[in-house]
Amino acid sequence: MATVGVLPLIAVLLSYSGALAARVTVSWSYDYTRQSACSSSRTNNCIDHFEILDYTDSQHPKLLRSVPNPPNAAGKVDNISDEFSYGPPFGLRTIAVVTVARDENGTISASTTSNPFAARKDVEIKLKVGHAKG
């Protein structure tokens, strides 16, 4: 009887430990021509970093990752990417990438974040299931 009670607990612990999480790779391009990347010498009116969001519930987006600008970012930069484990929740999720900028005072605010609908994709996050070796 004690074993039956332990199995659901193990399943809950595994799901929240990330052991069952899917691997997600997010890749995008960005053109720094109109607004340069922030640096030690440029701390205002610049792109500070990117954020990867779970935007499935647009009223309550969930920050998944903050991603720094690539080194020496200038002009159009392709293949900016990040890879991470995600889940739960599983199922169809909307993933968005936004730019986070610093304004003329060097401040980051909601008004300096790009539109999350400009770079988003619906993806299926599936439970990772191990395979037994025989």
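## A sheet, a disulfide and some aromatic rings

Let's start with the open sheet: its 4 strands come in the order β3-β2-β5-β6, and the pairing is antiparallel. At the edges sit β3 (62-68) and β6 (120-125), each of them pairing on one side only. On average, neighbouring strands here are turned by 30° against each other, direction ignored. Keep in mind that this is a predicted model.

What holds strands together in general? Strands of a sheet pair through backbone hydrogen bonds, either parallel or antiparallel. In this sheet, β2 and β3 run antiparallel and are joined by 6 bridges. Take Ile-52: its bridge partner in β3 is Arg-65.

Now zoom in on strand β2 (residues 46-54), which is where you'll find His-49. Is His-49 buried or exposed? With a relative accessible area of 14%, His-49 is buried, because buried means under 20%. The side chain of His-49 has a polar contact of 2.6 Å with that of Asp-48, and another of 3.2 Å with that of Glu-51. Leaving aside residues up to four places away in sequence, His-49 touches several others, including Ser-66, Pro-68, Val-98 and Ile-108.

Next up, the cysteines. A disulfide is a covalent bond between the sulfur atoms of two cysteines. The structure holds 1 disulfide, formed by Cys-38 and Cys-46 with their sulfur atoms 2.0 Å apart. The torsion about this S-S bond is about 90°, so the disulfide is right-handed. Cys-38 counts as buried at 18% relative accessibility, and Cys-46 is buried too, at 0%.

Finally, the rings. A pair of aromatic rings is described by the distance of the centres and the angle of the planes. The count here comes to 5 aromatic pairs, and the table shows two of them.

| Pair | Centre to centre | Angle between planes | Type |
|---|---|---|---|
| Tyr-32 and Phe-50 | 6.5 Å | 80° | edge-to-face |
| Tyr-55 and Phe-117 | 5.4 Å | 90° | edge-to-face |

The pair of Tyr-55 and Phe-117 links distant parts of the chain, 62 residues apart: Tyr-55 lies in the loop between β2 and β3, Phe-117 in the loop between β5 (91-102) and β6. Tyr-55 is buried, with a relative accessible area of 13%, whereas Phe-117 counts as partly exposed at 48%.

As for the other pair, both Tyr-32 and Phe-50 are buried. And which residues form one aromatic cluster with Tyr-32 and Phe-50? Trp-28 and Tyr-30 join them there.

Conventions
Residues are numbered from 1 along each chain as its sequence is written. This is a predicted model: local features need pLDDT of at least 70, side-chain atom pairs count only at pLDDT 80 or more; totals for chains, interfaces and linings use all residues. Side-chain values use heavy atoms; hydrogens and water are left out. A disulfide is a pair of cysteine sulfur atoms within 2.5 Å. Buried means under 20% relative accessible area, exposed over 50%, partly exposed in between (1.4 Å probe, protein chains only). Helices (H or I, at least four residues) and strands (E, at least two) are DSSP runs, numbered from the N terminus. A polar contact is a pair of N or O atoms within 3.5 Å; within protein, one must be able to donate a hydrogen and the other to accept it, and residues adjacent in sequence count only if both atoms are side-chain atoms. Contact means heavy atoms within 4.5 Å. Two strands pair if DSSP finds at least two bridges between them. Axes are lines fitted to C-alpha atoms, for helices over the stretch in contact, and angles run from 0 to 180 degrees between N-to-C directions. Rings of Phe, Tyr and Trp (its six-membered ring) pair if their centres lie within 6.5 Å; planes under 30 degrees apart count as stacked, over 60 as edge-to-face and the rest as tilted.
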